[in-house]
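Biologist: Before we discuss this entry, please place the structure in view. I should then like to put some questions to you.

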Amino acid sequence: MCFVVEGKAYVGGAVKYVSILVEGGVVRSLRGRGEGCRVVQFSRRHLILPGFVDIHVHFRDWGLSYKETLGGGSAAALAGGVVGVLDMPNTKPHIRTAELYAKRLAEGSSLPIHYGVHMGVPEDLSELDKARPRSVKVYPEDVARFGWAHVEALLERCAALGCTAVFHCEDPAYISDSRPPEAEARCADRIALYARRGFRIHVTHVSLPYTVEVLRGLATLDATPHHLLLSSDRCSGPLCRVNPPLRGEDQRRRLLALFLAGSVDIYATDHAPHTMEDKLAGAPGICSLDVAASLLLRFWRDGLLGLDDVLRLYSFRPARFAGLETSLRPGAPAAFSVFRLEEFSISERDFKGTCRFSPLEGLRAFGRAVAVASRGRLHLLETGEVL
């Protein structure tokens, strides 16, 4: 099976016209037209980019399929030009064993995007030896349940296996109903001590500039669209509830400045679908996978980031973290997206997964995904055709 995508692409630090020949799921040439291959042409209003990768999503399913499913999450990813994800283990049941880890990966293997999952903290750390995960997600609830000594033992086991510990960094000793900033700050202090001992650590959804300042160069960090663009001063109510919480406007601005200055390694959504009933009842989580790339491209459109920065944050670095490749070089797996370069305001119609609401609605964004090449197929999003 083969297809050809023609149009402007960002390759090697420059925009150039290409004719991407894909055969057997691999980029064969940037200047080719294979015999008998379907050719899809895009206008000057479009730009072909290496595919985006999100290392923090919640695709729910299993006992939580009423919130979201693997299929619904994949639809949201494709709508956002995302070719690969790493899912979180707080499913029902929580993925704490090698058996559940393998089962989840097997179910995700049939999706139209590249699918991986962070393993959860096992009670018996020998499960890590059986599963051999690339990463293990540590929640505040895990620390409360097992204790910091167990977490340290996990870090030592991960060091031997080569896996990365991914922290939701809030110390449960400081968590109250309001989840104050001190919970994240004290966790960051502890993580800094662990990182100085050589443990491989990633801290996800940082919400405080303090966390970035303490951990920069010691651990890798990611930040979400909502912590960068929304604040507790301007966003309140059930749709804005998330853990860690949105911070005040001054903290948000400082975090955004650090992000734009290159002090944060990766951009990730923490895409967390709930039903509206669950949100109104207080469930924490914000949906953004469908529009996250467009919000990041807005920074490029506004001259706040270069296109190289955008790709490092949401393509190349997260792809490396997930064990994927998203380059457009011949010989690489075909994993790219086509965006129509237009400005728009986010609305419910932009969400294709199960979750169709978000406090990000109304924000200005740039670039709509219209086609995605992933796992050997080309998804033409506006017609629904799959080549």
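Modeller: The exchange below concerns a predicted model, and takes up a sheet, a helix and the disulfides in turn.

Biologist: In what order do the three strands of the open sheet lie?

Modeller: The pairing in this open sheet is parallel. Its edge strands, each pairing on one side only, are β6 (52-57) and β8 (114-117). From one strand to the next the twist averages 20°. The order is β6-β7-β8.

Biologist: Which residue in β8 is the bridge partner of Asp87?

Modeller: Strand β7 covers residues 82-87. This strand and β8 pair in the parallel sense over four bridges. The partner of Asp87 in β8 is Val117.

Biologist: On which residue is the kink in α12 centred?

Modeller: Helix α12 (residues 307-322) lies across β6 and β7 and runs at about 65° to β6. Its 16 residues reach 21 Å from the first C-alpha to the last, close to the 22 Å expected at 1.5 Å a residue. The kink amounts to about 40°, and its centre is Leu313.

Biologist: Is the residue at the centre of that kink, Leu313, buried or exposed?

Modeller: The list of buried residues in α12 includes Leu307, Val310, Leu311 and Tyr314. Residues under 20% relative accessible area are classed in this way. Leu313 is also on that list, and is therefore buried.

Biologist: What is the handedness of the disulfide between Cys2 and Cys37?

Modeller: The sulfur atoms of Cys2 and Cys37 are 1.9 Å apart. Cys2 belongs to strand β1 (residues 2-11), whereas Cys37 lies in the loop between β3 (26-29) and β4 (38-41), 35 residues apart. The torsion about the S-S bond is about -105°, so the disulfide is left-handed.

Biologist: Why does Cys235 count as buried?

Modeller: Cys235 forms a disulfide with Cys240, with an S to S distance of 1.9 Å. The cut-off for a buried residue is under 20% relative accessible area. Cys235 counts as buried because its relative accessibility is 11%.

Biologist: How many residues apart in sequence are the parts tied together by Cys287 and Cys355?

Modeller: The sulfur atoms of this disulfide are 2.1 Å apart, and the link is right-handed, with 110° about the S-S bond. Cys287 lies in the loop between α10 (276-280) and α11 (292-301). Cys355 lies in the loop between β15 (336-345) and β16 (364-374), so the separation of the parts tied together is 68 residues.

Technical notes
Residues are numbered from 1 along each chain as its sequence is written. This is a predicted model: local features need pLDDT of at least 70, side-chain atom pairs count only at pLDDT 80 or more; totals for chains, interfaces and linings use all residues. Side-chain values use heavy atoms; hydrogens and water are left out. Two strands pair if DSSP finds at least two bridges between them. Helices (H or I, at least four residues) and strands (E, at least two) are DSSP runs, numbered from the N terminus. Axes are lines fitted to C-alpha atoms, for helices over the stretch in contact, and angles run from 0 to 180 degrees between N-to-C directions. Contact means heavy atoms within 4.5 Å. The expected span of a helix is 1.5 Å times one less than its number of residues. The bend at a residue is the angle between axes fitted to the seven residues ending there and the seven starting there. Buried means under 20% relative accessible area, exposed over 50%, partly exposed in between (1.4 Å probe, protein chains only). A disulfide is a pair of cysteine sulfur atoms within 2.5 Å.
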